[in-house]
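This report describes a structure for a reader who wants to follow the arrangement of its parts. The sequence and coordinates come first, and the description follows.

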Amino acid sequence: MKKFRKVLSVLLVSAMAMSLVACGSSSDSDTSDKTESTSDANIGVFYYSYSDTYISSVRTALDSALEGAGIEFQDYDGNSNQTTQNEQIDTAISQGVTALIVNIVTSGSADASQAIIDKAETAGIPVIFFNRAVAPDGEDGDVLGSYDKCAFVGTDAPEAGHMQGQLIGDYLVKNFDTVDLNKDGSISYAMFKGQEGNVEAIYRTQYAVEDANKVLTEAGKPALVYFDSSNTDGYQVDQDGNWSATAANNYMVTNLAQYNESNGNMIELAICNNDGMAEGVVSALNDAGYNTGSGKMIPVFGVDATDAAKSLIKAGKMVGTIKQDAEGMAACIAALAKNTVDNKDIMDGTDSYTISPDISNKIYIPYATYTGE
Amino acid sequence: MKPFANIQNQYADLKKMNSKEKLNFWKEFLIDNSLYILLFIAILYTYFQNHRFLSTSSVINMISLSAANLPIACGIAGTIVLTGTDLSAGRIVGLTACMSAASLQAVTYATKMFPNLPVVPIPLVILMVIVVGGIIGFLNGFCISRFKLHPFIVTLATQLVVYGSLLMFVMVNGNNGQPLSGLDDSYKKFISGSILKIKGVPIPNYVWYGIIVVAIMWFIWNKTTFGKNMFAVGSNAEAANVSGVNVARTTILVHTLAGCMYGITGFIEAARIGSNTANTGLNYELDAIAACVIGGVSFVGGTGKIRGIVMGVILLRIIFVALNFLSVNANMQYIIKGLIILVACAIDMRKYLVRK
């Protein structure tokens, strides 16, 4: 036993050492390969979190787009921590990167993004922000205007909420009587918010309901009613801020324990900030015998159009989602990155994109509705 | 009949006391059981605010939410008994959940991770997650006992290693970090299907699995030499060593067993939630540790009962459900949960100091 342990510990240590050596040598050979094929351009790409589903698809698309353009780059995982990301940026700048591509952790904070712009300006290199907002809505012009070698590629945060609201409204106007299970003339809904203090979550939570109500009122139908009248928030939020299926699932099963058809107060509509949460809700409904593809269905709406959500929609277990175009965003970022490598203006050749009317270096990648058709 | 005899003895003792001692006895009784008394008041209060709180469906919901959290809590409790902790629990749950989901996706599912893989037989998958969890647990235990490292450090490190592997795993085969879902029906039925209904409300199968796990863990803790050794090592490792207990082997076994429990949790969670990403399992260990501590498994080491862990898990879940039934603001929920953990630990420590 003792000998065995000694042997095992030696093996363990040597395995660790081997893996370190292996990692070191492989990245060495990578760099040398790439430096031969391209100029001395080297871009640091900073993601807010590797664990985010949507960002993972952007990462895959952007990796291949940058590789395709022959640009050398390195990916970093901020692990949902702005301090970590800032330190990574400092390190990358000291290593001599020629441009920064930043998916900022603290979404919607002008201070955080200004700090990164200042770092880039001091080093004299361009910075491209993407996906997560660099400042509160309406104030991003100040941040983006403070440095000429910077740009933003993202989505218009309120747009997803507006589109989701419109989609829900249209669906309800068409199917009002089937959705209104207890026939009380109004539809009670549950809302699942991904995270407190995140602009995207806030707008989606707000506009999904407001816009749906607008459509309903225009069609002469009553507005939506939040299922729990004593909850003044009008939503249930993932307390860990992870937009997670688990949180939505736990809430929904708990809700269904008191709001169900036998009590005549069933939740008749579920609106989710993202598709992960929608999946959690569908799973909870499945357990209660709903949304199994046949029979009764509670309409569930999400945002992102992940593959999993698309399959649910096709199977008739979910109604619709709002597509965020990961490939489109990656292609646009790669084009801007290529500009920085070729020493062109950062916004060169971007006429085909939707550019913000007020801010010349802010590009919107439009959302699209997805209902399986 | 032992508990009954205990109560009789206590009652006899109580009768012998004079008034001052009696007062003291009741004071002690109230403080020692204050958590349960508070819980009782909380349940009554919630019930009077919202009568549906104690309806059949709501009670079954509380039981199922607790059952899902039992295996991980039972696993982590052993490491706390050894005066340690295990920070890698949540990530191991995440990894095993994703592995279970990947092996049991329906063959017809469009974005199946391994398109050519048939639906793996369920017993094989259970074996796989238990082995994977067990191996990581073994590594934890091995490093702790062999290199004399604090479990906090070791599991902090393995947690990162496991998370990294998990991130790689969800990226393989062009999955690109997309959620693993589209699980096979047999798997979903196995976990969240139901063979028993009470008043028309189905009891999900994973409740039974939770109960089985608790029964096995109770047996291991109370009826085996290994269980006795675990408490001996937890109370005083030196003394245990002198009296012939193999401390290193006990430590390794406790951690391996804990790892197996996380594997089972992962297997259940994958189907219960139905959508598995790299974030699955994040922070699960914190709730599990909180449940153990509330249930009287002390960080001082060497104390703890399976009964207490079950109570702790149920208490945390009842609080979650009650706060929702009362529509308490999310911000308040953090504060309430924090205070409960603090009060529970304070009471626990007080008992320990009195004993000393």
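In this predicted model, the contact between the two chains draws 37 residues from chain B and 36 residues from chain A. On the side of chain B that touches chain A, the elements that give two or more residues are α4 (56-81), α6 (122-146), α14 and α15 (330-355) of chain B. The largest share of that side, four residues, comes from α4(B). By class, the residues on the side of chain B that touches chain A divide into 14 nonpolar, 21 polar and two charged.

Chain A, the partner in this contact, has eleven helices and 14 strands. Of its 373 residues, 50% count as buried, and among contacts in chain A between residues at least 6 apart in sequence, 74% join residues at least 24 apart. An unreviewed UniProt entry annotates residues 43-344 of chain A as "domain: Periplasmic binding protein". Over residues 43-344 the chain is 48% helix and 15% strand, and the end C-alpha atoms of this stretch are 16 Å apart.

For chain B, the UniProt annotation "transmembrane region", again from an unreviewed entry, covers residues 29-48, 60-82, 89-110, 122-140, 152-172, 206-221 and 308-328. Among these, residues 29-48 of chain B are 95% helix and 0% strand, with end C-alpha atoms 26 Å apart, whereas the span of residues 89-110 of chain B is 68% helix and 0% strand, with its end C-alpha atoms 31 Å apart.

Two helix pairs, one from each chain, are set out below.

| Helix pair | Axes come within | Crossing angle |
|---|---|---|
| α13 (residues 284-294) and α14 (residues 306-325) of chain B | 7 Å | roughly 120° |
| α3 (residues 82-95) and α4 (residues 110-123) of chain A | 11 Å | roughly 5° |

How do the helices of each pair lie relative to one another? With axes that cross at roughly 120°, α13(B) is oblique to α14(B), and the crossing of α13(B) and α14(B) is right-handed. In this pair, Asp287(B), Ala290(B), Ala291(B), Cys292(B) and Ile294(B) of α13(B) meet Ile309(B), Gly312(B), Val313(B), Leu315(B) and Leu316(B) of α14(B). By class, that contact has eight nonpolar residues, one polar and one charged.

In chain A, the crossing angle of roughly 5° falls under 35 degrees, the limit for roughly parallel axes, and α3(A) and α4(A) are therefore roughly parallel to each other. Here Gln82(A), Asn86(A), Ile89(A), Asp90(A) and Ile93(A) of α3(A) meet Ala112(A), Ala115(A), Ile116(A), Lys119(A) and Ala123(A) of α4(A). The contact of α3(A) with α4(A) has six nonpolar, two polar and two charged residues.

The backbone of chain A also deserves a comment. Most residues other than glycine have a negative phi. Asn131(A), which is not a glycine, nevertheless has a positive phi of about 65°, and this residue lies in strand β4 (residues 127-131) of chain A. Asn131(A) is buried, because 24 other C-beta atoms lie within 10 Å and the cut-off is 20 or more.

A positive phi, near 50°, is also found at Asn291(A), again a residue other than glycine. Asn291(A) lies in the loop between α9 (275-287) and β10 (300-301) of chain A. With 25 C-beta neighbours inside 10 Å, Asn291(A) counts as buried.

Methods. Residues are numbered from 1 along each chain as its sequence is written. Chains are lettered from A and ligands numbered from 1 in the order in which they are written. This is a predicted model: local features need pLDDT of at least 70, side-chain atom pairs count only at pLDDT 80 or more; totals for chains, interfaces and linings use all residues. A residue is buried if 20 or more other C-beta atoms lie within 10 Å of its own, exposed if 12 or fewer, and partly exposed in between; C-beta atoms are placed from the backbone. Two residues are in contact if their C-beta atoms, placed from the backbone, lie within 7 Å. Axes are lines fitted to C-alpha atoms, for helices over the stretch in contact, and angles run from 0 to 180 degrees between N-to-C directions. Angles under 35 degrees count as roughly parallel, over 145 as roughly antiparallel, 65 to 115 as roughly perpendicular and the rest as oblique. A crossing is left-handed if the near helix is turned anticlockwise from the far one by less than a right angle, and right-handed if clockwise. Ala, Val, Leu, Ile, Met, Phe, Trp, Tyr, Cys and Pro count as nonpolar, Asp, Glu, Lys and Arg as charged, and the others, Gly among them, as polar. UniProt positions are given in the numbering used here, feature names are shortened, and annotations may be inferred rather than shown by experiment.
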